[in-house]
Amino acid sequence: MSSSIFGPVLSRRFGLSLGIDLVGDGLKKCNYDCLYCELPKAAKVSSLDEYKTPELITSEVETALTRHPDIDFITVTANGEPTLYPMLGELATLLRKIKGSKKLLILSNGSTICDAKVVKALKLFDVVKLSIDSALEGSFKKIDRPLDITPAKLIECMSSFRDEYDGILVLESLFVKGVNDSAEDIEALNKAYLRIRADRIDLSTIDRPPAYNVDKISEDELMRIASTLDKSLMVSVATRK
């Protein structure tokens, strides 16, 4: 079985990061099928049937840290959704023991935030990044193509998680031209952001060739969207510049 470790990579949002892929082998295993995803299309799943043990992954990370001692983050992610990994809490507990001064980060689509076991595991991370691409039912289903979740439920559970979580909570919204970039979409997202109360909101658009034939919005449009949001929100526009 190939290594779970990749990088370090210089992230647009989180500095120099050592990545952990909880799916591996280039296979997409996700409960979403987002229009903008760069991974090939694949059937949606609600769980992982094959995975490495937390002990093995932690050993791989420990070895990688000896080669890359100057990273900022240890980032748990996946070719799909990392919170589908059934032993996430056990893994996070082990990683906390070896991470030293590094920050432990997870990049999640947010879809499992209503699951009490997932919430317990996420509380072990220094930074949790959750996605919310639309607060409207129609746009949400169109852009994320989810498996059995609604934006209303996501927003409710993300807000509850904020009440319980002491770390840094980051939300990300990725915009696809003509799908979730309308004035109505932005107004609904603004209300959702205010309810969830994240420490930071990252706005982005397509950065790599997507699996579906969809287009990004311009950087100017991203900046315009940011300017229309409530001034109390901490908003960041992710660009390569």
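**Notebook: aromatic pairs and a helix contact**

I began with Y85, which is buried in this predicted model, its relative accessible area being 1%. I then looked up Y51 and found 36% relative accessibility, so I noted Y51 as partly exposed.

Next I searched for aromatic pairs, and I found that the structure holds four of them. One of these is formed by Y51 and Y85, whose ring centres lie 5.6 Å apart with 80 degrees between the planes, and I entered this pair as edge-to-face. I also checked where the two residues sit: Y51 is in the loop between strand 2 (15–21) and helix 1 (54–67), whereas Y85 is in the loop between strand 3 (73–77) and helix 2 (88–98), so the pair ties together parts that are 34 residues apart in sequence.

For F161 and Y165 I noted a centre distance of 4.8 Å and planes at 15 degrees, and because planes under 30 degrees apart count as stacked, I recorded this pair as stacked. Both F161 and Y165 are buried.

I then turned to helix 1 and helix 2, which pack at an angle of about 25 degrees with their axes 9 Å apart. Because angles under 35 degrees count as roughly parallel, I wrote down helix 1 as roughly parallel to helix 2. I noted their crossing as right-handed.

Listing the residues that make the contact, I found P54, E55, I57, T58, V61, E62 and L65 on helix 1, and E90, L91, L94, L95 and I98 on helix 2. Sorted by class, this contact has eight nonpolar, one polar and three charged residues.

Notes: Residues numbered from 1 in each chain as written. Predicted model: local features only at pLDDT ≥ 70, side-chain atom pairs only at ≥ 80, totals over all residues. Heavy atoms only, no water. Phe/Tyr/Trp six-rings, centres within 6.5 Å; stacked < 30°, edge-to-face > 60°. Helix = DSSP H or I, 4+ residues; strand = E, 2+ residues; numbered from the N terminus. Buried < 20%, exposed > 50% of the residue type's maximum accessible area, 1.4 Å probe, protein only. Axes fitted to C-alpha atoms, helices over the stretch in contact; angles between N-to-C directions. Parallel < 35°, antiparallel > 145°, perpendicular 65-115°, else oblique. Left-handed = near helix turned anticlockwise from the far one by under 90°. Contact = heavy atoms within 4.5 Å. Nonpolar A, V, L, I, M, F, W, Y, C, P; charged D, E, K, R; others polar.
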